[in-house]
Amino acid sequence: MWFFKKKKSNQELQNNPFYKEGNLLVVYLKCDRCGENFRSHLRIGYDFINDYDNAATPYKIDKIYVGSKCPNKIHLLASFSASYKVKSVSLDGGKFITKEEYEQKAQEKKEEEK
Ligand SMILES: [Zn+2]
């Protein structure tokens, strides 16, 4: 189960921000401008771009996220091996956060709304 896994260190997060959950890779982002948090579910077989010219990295993610609070665009680019191991990753306009950080913020928000 995921909650027995140890928390990703900052270094691990920069190298591989993705959490594998069954048929999904989940990534947590934070907007550089307003601090809004995002959670993105990337479905294997649906959300990945096939890069047939690149045998070492046949799968890619190229996505732009725009939040509800500001017009800042967050651009996620990543490439993956045939077994969905991360080979390269870059993020513009935001930064990666851990699942724990995302869930803590979501919890705090819930408490505020009570
Ligand atoms: Zn924002």
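Here is a friendly note, in numbered points, on the structure shown above.

1. **What kind of model this is.** Please keep in mind as you read that this is a predicted model. The chain holds two helices and eight strands. Starting at the N terminus, the elements follow one another as α-β-β-β-β-β-β-β-β-α.

2. **Overall dimensions.** Try turning the model around on your screen: the C-alpha trace spans about 50 × 35 × 25 Å along its principal axes. The radius of gyration is 15 Å, which agrees with the value near 13 Å that a compact globule of 114 residues would have. Of the 114 residues, 17% count as buried. Among contacts with a separation of 6 or more, 44% join residues that are 24 or more positions apart.

3. **The hairpin of E2 and E3.** Look for strand E2 at residues 24-31 and strand E3 at residues 37-43; the two pair in the antiparallel sense over seven bridges. One pair to pick out is Lys30 with its bridge partner in E3, Asn37. Five residues lie between the strands of this hairpin, and Gly35 takes a positive phi near 80 degrees there.

4. **The open sheet.** Next, find the open sheet of four strands, whose order is E4-E5-E6-E7 and whose pairing is antiparallel. Which strands stand at the edges? They are E4 (49-50) and E7 (86-92); each has a single partner strand, so one side of each is left without a neighbour in the sheet.

5. **Walking across the sheet, from E4 to E5.** Strand E5 covers residues 59-66, and two bridges join E4 to E5 in an antiparallel arrangement. Here Ile49 stands opposite Lys60 of E5.

6. **From E5 to E6.** How many bridges join E5 to E6? There are eight, and these two strands run antiparallel. Ile61 stands opposite Ala78 in E6. E5 and E6 also form a hairpin, with six residues between them.

7. **From E6 to E7.** Six bridges join E6 to E7, and again the strands run antiparallel. In this pairing, Phe80 stands opposite Val86 in E7. The hairpin of E6 and E7 has five residues between its strands, and Tyr84 takes a positive phi near 65 degrees in this hairpin.

8. **The largest nonpolar core.** A useful background idea is that nonpolar side chains tend to be buried together in soluble globular proteins. The largest nonpolar core of this model has 14 residues, and those that touch the most other members are Leu25, Val27, Tyr28, Leu29, Ile74, Phe96 and Ile97. E2 and strand E6 (73-80) each supply at least two residues of this core. E2 gives the most, with five residues.

9. **A closer look at Leu25.** Which residues is Leu25 in contact with, leaving aside its neighbours within four places in sequence? They are Phe18, Tyr19, Lys20, Leu42 and Tyr84. Two of these names link back to earlier points: Leu42 lies within the residue range of E3, and Tyr84 is the positive-phi residue in the hairpin of E6 and E7.

10. **Helix H2.** Finally, follow the chain to helix H2, which has 15 residues, numbered 99-113. From its first C-alpha to its last, H2 reaches 21 Å, close to the 21 Å expected at 1.5 Å a residue. Is H2 well covered or hardly covered? H2 is hardly covered, as the count of buried residues among its 15 residues is one.

Methods: Residues numbered from 1 in each chain as written. Predicted model: local features only at pLDDT ≥ 70, side-chain atom pairs only at ≥ 80, totals over all residues. Pairing = 2+ DSSP bridges. Core = buried A, V, L, I, M, F, W, Y, C linked by C-beta atoms within 7 Å. Buried ≥ 20, exposed ≤ 12 C-beta atoms within 10 Å, placed from the backbone. Contact = placed C-beta atoms within 7 Å. Rg over C-alpha atoms; globule rule 2.2 N^0.38 Å. Expected span 1.5 Å × (residues − 1).
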